[in-house]
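Work through the exercises below on aromatic contacts. Each task is followed by a solution in steps.

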Amino acid sequence: MARLMTTQLLLLVWVAAWGAQPRTIRARTELLNVCMDAKHHKEKPSPEDKLHEQCSPWKKNSCCSFNTSQEAHKDISYLYGFNWDHCGKMAPACKRHFIQDTCLYECSPNLGPWIQQVDQSWRKERILNVPLCKEDCQRWWEDCQTSFTCKSNWHKGWNWTLGYNQCPVGTACHPFHFYFPTPAALCEEIWSHSYKVSNYSRGSGRCIQMWFDPAQGNPNEEVARFYAEAMSGAEVPRAWPLLLSLVPMLLRLLS
């Protein structure tokens with residue numbers, strides 16, 4: 001009986017200790033102020049005084065170059081050859097959200113907690129489940145209601161025979177709300193869950209803002225710090241009271 005209890009206690013100690021370990025591949029110092037290992041990203045973030053238009057909020061510290069920021073505003077640019085107008089002309093109000101999305105992806109040094117390694121020919125890392133502020137997602141969805149598309153996942157499945165994306169055979173163009181019935185469907189599905197709609201609001205320090213006023217600083221720095229600390233062993237001290245409470249009982253059983 002004592003041997004069984006000892007085994008169970010040892011198992012409990014192991015589970016508690018293992019559960020308290022950080023679950024990220026990157027070390028704590030690599031979660032903050034970092035750039036993805038992807039197609040157009042710089043190796044390290046640095047100032048870029050001339051970032052173009054919607055990418056300019058990141059000019060003080062950026063993972064994108066001036067050329068990348070310029071191309072982010074073009075249709076079928078050299079970045080990815082992506083055609084926003086694959087189902088007719090996309091409304092300008094809608095397109096500005098996709099430009100801002102591109103600027104965030106290419107330029108932000110504050111996405112480290114959500115960077116994951118991938119085995120893809122054009123990039124070695126991606127972002128996954130970035131907590132996007134709910135207002136940014138809602139506005140994106142609302143502003144695209146009059147635009148059309150033929151797919152819900154824009155990462156894959158296109159016809160690239162002409163060098164840019166076209167609707168695949170068997171699909172039909174419909175208003176955005178046909179493929180994206182809710183804001184979450186748009187923000188989470190369109191880029192294979194790069195984003196996850198947060199329950200938090202802009203300014204909370206708990207969600208990434210796609211839009212911000214650089215004169216007020218970059219609010220995403222605080223957000224990245226919060227999640228980096230949570231993902232990098234902040235829970236380890238919480239396990240120690242449980243582990244220490246088990247020691248006397250374990251010693252008695254072993255004596």
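**Aromatic pairs**

Phenylalanine 212 is buried, with a relative accessible area of 11%. The model is predicted.

**Exercise 1.** Classify the ring pair of tryptophan 58 and phenylalanine 212, and locate both residues.

*Solution.*
- The structure holds 18 aromatic pairs.
- In the pair of tryptophan 58 and phenylalanine 212, the ring centres are 5.2 Å apart and the planes stand at 85 degrees.
- Planes over 60 degrees apart count as edge-to-face, so this pair is edge-to-face.
- Tryptophan 58 belongs to the loop between α1 (2-19) and α2 (66-71), and phenylalanine 212 to the loop between β6 (195-197) and α7 (220-231).
- The pair therefore ties together parts 154 residues apart in sequence.
- Tryptophan 58 has a relative accessible area of 1% and is buried.

**Exercise 2.** Do the same for phenylalanine 98 and phenylalanine 176.

*Solution.*
- The ring centres of phenylalanine 98 and phenylalanine 176 are 6.3 Å apart, with planes at 70 degrees, so the pair is edge-to-face.
- Phenylalanine 98 is in helix α3 (residues 92-107) and phenylalanine 176 in helix α5 (residues 176-179), so parts 78 residues apart in sequence are tied together.
- Buried means under 20% relative accessible area; phenylalanine 98, at 0%, is buried, and phenylalanine 176, at 1%, is buried.
- Both residues belong to one aromatic cluster, whose members include Trp84, Trp140, Trp158 and Tyr195.

**Exercise 3.** Which charged ends sit over the rings of tryptophan 158 and phenylalanine 226?

*Solution.*
- Over the ring of tryptophan 158 sits the charged end of lysine 151, 5.4 Å from the ring centre.
- Over the ring of phenylalanine 226 sits the charged end of arginine 206, 3.7 Å from the ring centre.

Notes
Residues are numbered from 1 along each chain as its sequence is written. This is a predicted model: local features need pLDDT of at least 70, side-chain atom pairs count only at pLDDT 80 or more; totals for chains, interfaces and linings use all residues. Side-chain values use heavy atoms; hydrogens and water are left out. Rings of Phe, Tyr and Trp (its six-membered ring) pair if their centres lie within 6.5 Å; planes under 30 degrees apart count as stacked, over 60 as edge-to-face and the rest as tilted. Helices (H or I, at least four residues) and strands (E, at least two) are DSSP runs, numbered from the N terminus. Buried means under 20% relative accessible area, exposed over 50%, partly exposed in between (1.4 Å probe, protein chains only). A charge sits over a ring if NZ of Lys or CZ of Arg is within 6 Å of the ring centre and within 35 degrees of the ring normal.
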